[in-house]
Amino acid sequence: MLKRASAVVAQLARIPVTLAYAASLVAVTAVLFALGPETQDRVVLAASTNLHNLRHGHLATLVGSAFVTDAGPMYAWLPGLMCLLAVAELMWRSSRMLLALAVGHVGATALVAIGLVVAIDHGWAPAEVSRDIDVGVSYGAAGVLGALTAAIPRSWRPVWIGWWLGVAAGVAAAATGFTDIGHVVALLLGMLLSARLGRPCGWTTTRGVLLAIASVFGLLLLASSELLIVVAPVAGAVGGVAGYAAGNAFGGRQADHL
């Protein structure tokens, strides 16, 4: 019993960022719940990385917004988030997983803000959108999901890339708000970053299970509406088949040259 407990502690010691971030989310959410809905609304508004706050120099929201959520009950999404962060941390180590989380969250926020400025200035979006609430873990999580790309075994990587590019295209085509576009941007940033993260650790059965759960969580994260939950998997399947065909064709050409 003691040996098994020691093994569990040793495994948990390998995902310190995942555990610390999850604990922070739980603590912040608990405090805000205890303070009541009015205080919670004020904190969420102040922490939001919306265009209004960023234009007024509230750059601290780029960090604070990642610890404040308005995504409903934590039990519905925190386990999936932890599986995603854990598998990335196990594959890439803590510092590189944290980099992917930051690139997804901050990078997508900045690019979406630039897009909103252009859209509002050209009359493509109402000015009121600059005050929309934009907090939570979703951009960072999408970035981490994309960063797993280079860790996928080479034989399956074309299918993985095709699937998520298909999902991204479906979400972008049927987006119902700028947050959906932000998820796509964060995912693509993570995929680009993955090539610079170095050599990943090897896969194990546990990491494979975590990846499966993380992938389902990632799909639900990107497909945030009833329409997208239909469109995204279909587009992902088409992209996955295309990636498989492309991988086979490229592999065949490589074999012909050998």
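Where in the structure is the place of L111? The legends below, which start from that residue, describe close-up views of a predicted model.

**View 1. A nonpolar surface patch that includes L111 of helix α7.** The place of L111 is in helix α7, which covers residues 94-121. Together with I114, V118 and W124, L111 makes a nonpolar patch of about 430 Å² on the surface. L111 itself is partly exposed, because its relative accessible area of 44% falls between the 20% limit for buried residues and the 50% limit for exposed ones.

**View 2. R93, a residue with positive phi in the loop between α6 and α7.** The loop that holds R93 runs between α6 (78-92) and α7. The phi angle of R93 is near 75 degrees, a positive value in a residue other than glycine. Most residues other than glycine have a negative phi. With a relative accessibility of 39%, R93 counts as partly exposed.

**View 3. Helix α9 and its buried residues.** Helix α9 is formed by the 17 residues 157-173, and at 1.5 Å a residue these should span 24 Å; the C-alpha atoms at its ends are 24 Å apart, so the expected span and the model agree. Buried positions in α9 include the tryptophans W160 and W164, the glycines G162, G166 and G170, and also V167, A168 and V171.

**View 4. The largest pocket and the helices that contribute to its lining.** The volume of the largest pocket is about 540 Å³. Its lining consists of 22 residues, of which A71, S138, H183, L221 and S224 are the closest to the centre of the pocket. Helices α10 (178-194) and α11 (205-222) each supply at least two residues of this lining, and the largest share, five residues, comes from α11.

**View 5. The largest cavity, lined in part by α7 and α8.** A search of the whole structure finds two cavities of 30 Å³ or more, and the largest cavity holds about 50 Å³ of space. Its lining is made by T49, H105, T109, D134, V135, G136, S138 and Y139. The elements that give two or more residues to this lining are α7 and α8, the latter covering residues 138-147. S138 therefore appears in two of these views, as a residue of the cavity lining and among the residues closest to the centre of the largest pocket, where a lining residue is one with an atom within 4 Å of a grid point.

**View 6. D134 in the loop between α7 and α8.** D134, one of the residues that line the largest cavity, is found in the loop between α7 and α8. At 8% relative accessibility D134 counts as buried, because the limit for that class is under 20%. D134 and G177 are 43 residues apart in sequence, and their C-alpha atoms are 11 Å apart in space.

**View 7. A186 of helix α10 and its separation from A142.** A186 is found in helix α10, and at 0% relative accessibility this residue counts as buried. The C-alpha atoms of A186 and A142 are separated by 5.5 Å, although the two residues lie 44 residues apart along the chain.

**View 8. A13 in the loop between α1 and α2.** A13 is found in the loop between α1 (2-12) and α2 (16-35). With a relative accessible area of 54%, A13 is exposed. A13 and G236 are 223 residues apart along the chain, and their C-alpha atoms are separated by 35 Å.

How values were computed. Residues are numbered from 1 along each chain as its sequence is written. This is a predicted model: local features need pLDDT of at least 70, side-chain atom pairs count only at pLDDT 80 or more; totals for chains, interfaces and linings use all residues. Side-chain values use heavy atoms; hydrogens and water are left out. Patches are made of residues with over 30% relative accessible area and no salt bridge: like charges are joined within 9 Å, nonpolar side chains (Val, Leu, Ile, Met, Phe, Trp, Tyr) within 5 Å. Accessible areas come from the Shrake-Rupley method with a 1.4 Å probe; for residues, only the protein chains shown count as cover. A salt bridge is a side-chain nitrogen of Lys or Arg within 4 Å of a carboxyl oxygen of Asp or Glu. Helices (H or I, at least four residues) and strands (E, at least two) are DSSP runs, numbered from the N terminus. Buried means under 20% relative accessible area, exposed over 50%, partly exposed in between (1.4 Å probe, protein chains only). The expected span of a helix is 1.5 Å times one less than its number of residues. On a 1 Å grid over the protein atoms alone, a cavity is a set of points where a 1.4 Å probe fits but cannot get out, and a pocket is an open set with protein on both sides within 12 Å along at least five of seven lines; lining residues have an atom within 4 Å of a point. Grid points are joined across faces, edges and corners, and a volume is the space filled by probe spheres set on the points.
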